[in-house]
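Here are my notes on the model you sent, set out as numbered points. Please read them with the structure open beside you.

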Amino acid sequence: VDYTDAIRIENVLGIQVIRHEEKKPGGLDEVLAHFDLTDPATLCMVGDRLLTDIVFGNLHGMLTVHCLPLCSGSENSKDNWTAKLLRPMENKALYGNWYGGRFLKRKQFNHTFLHRERVSLDTETENSTSK
């Protein structure tokens, strides 16, 4: 497997890209080993594919962030044809003006990771103002 794109992204953005052999929604063990973790709920999955990246994160209790692809147009010419075909349909199905899309647009989801962070930030603020 050629990881040229992953290496380029790491160099340009300064973030690690996980190299994995098993396709999502599998591969949890590789992700946890990469970060030397045992609890996937302590991770955030950021991805441009709803039915792979986001489903993978949600299945394993991660906070998930759906984003646009890093590349577009001619820069995205090497993207696999399945992703090119399915990504627009996934987005339309989830974000379209139907019951599920309207529900997601107005629903605020609580996540244990966010709750822990919010609690610790609130506690720090209370402690600093009471001194």
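1. A nonpolar patch on the surface is formed by Val12, Leu13, Ile15 and Leu70, which together have about 430 Å² of accessible area. Please keep in mind throughout that this is a predicted model. One member of the patch, Leu13, lies in helix α1, which covers residues 4-13. Leu13 has a relative accessible area of 48%, and because the term exposed is kept for values over 50%, Leu13 is described as partly exposed.

2. The chain as a whole gives the setting for this patch. About 9800 Å² of the chain is exposed, and carbon and sulfur atoms supply 59% of that area. Of the 131 residues, 22% count as buried. The chain has six helices and two strands, and along the sequence these follow the pattern α-α-β-α-β-α-α-α. Among contacts with a separation of 6 or more, 32% are between residues 24 or more positions apart.

3. Which residues make up the largest nonpolar core? This core has seven residues, namely Leu28, Val31, Leu32, Leu43, Met45, Phe56 and Met62, and helix α2 (residues 28-35) gives the most to it, with three residues. In soluble globular proteins, nonpolar side chains tend to be buried together. For a closer look at one member of the core, take Leu32, which, when its neighbours within four places in sequence are left aside, is in contact with Leu37, Thr38, Asp39, Pro40 and Leu43.

4. The two strands deserve a point of their own. Strand β1 (residues 44-47) and strand β2 (residues 63-66) pair in the parallel sense over four bridges, and within this pairing Cys44 stands opposite Leu63 in β2. In a regular strand the side chains alternate between the two faces of the sheet. In β1, the covered face holds Met45 and Gly47, whereas the uncovered face holds Cys44 and Val46.

5. Helix α3 follows β1 with a loop between them, and in α3 the residues Leu50, Thr52, Asp53, Ile54, Phe56 and Gly57 are buried. The buried residues of α3 pack against α2, β1, β2 and α4. Phe56 also belongs to the largest nonpolar core. Just after α3, Gly61 takes a positive phi of about 80°.

6. How many salt bridges does the model contain? The count comes to two. In one of them, the side chains of Asp48 and Arg87 meet with a distance of 3.0 Å from N to O. This pair links distant parts of the chain, since Asp48 is in the loop between β1 and α3 (50-59) and Arg87 is in helix α4 (residues 81-95), 39 residues apart. Both Asp48 and Arg87 are buried.

7. Arg49 forms a salt bridge with Glu90, and the closest N and O atoms of this pair are 2.8 Å apart. Arg49 lies in the loop between β1 and α3, while Glu90 lies in helix α4, so the pair ties together parts that are 41 residues apart in sequence. Arg49 is buried, and Glu90 is buried as well. When you inspect the model, please look at these residues beside Asp48 and Arg87, which also form a salt bridge between that loop and helix α4.

Notes. Residues numbered from 1 in each chain as written. Predicted model: local features only at pLDDT ≥ 70, side-chain atom pairs only at ≥ 80, totals over all residues. Heavy atoms only, no water. Patch = residues over 30% accessible without salt bridge, like charges linked within 9 Å, V, L, I, M, F, W, Y side chains within 5 Å. Areas by Shrake-Rupley, 256 points an atom, 1.4 Å probe, with all protein chains shown as cover. Salt bridge = Lys/Arg side-chain N within 4 Å of Asp/Glu carboxyl O. Buried < 20%, exposed > 50% of the residue type's maximum accessible area, 1.4 Å probe, protein only. Core = buried A, V, L, I, M, F, W, Y, C linked by side-chain atoms within 4.5 Å. Contact = heavy atoms within 4.5 Å. Pairing = 2+ DSSP bridges.
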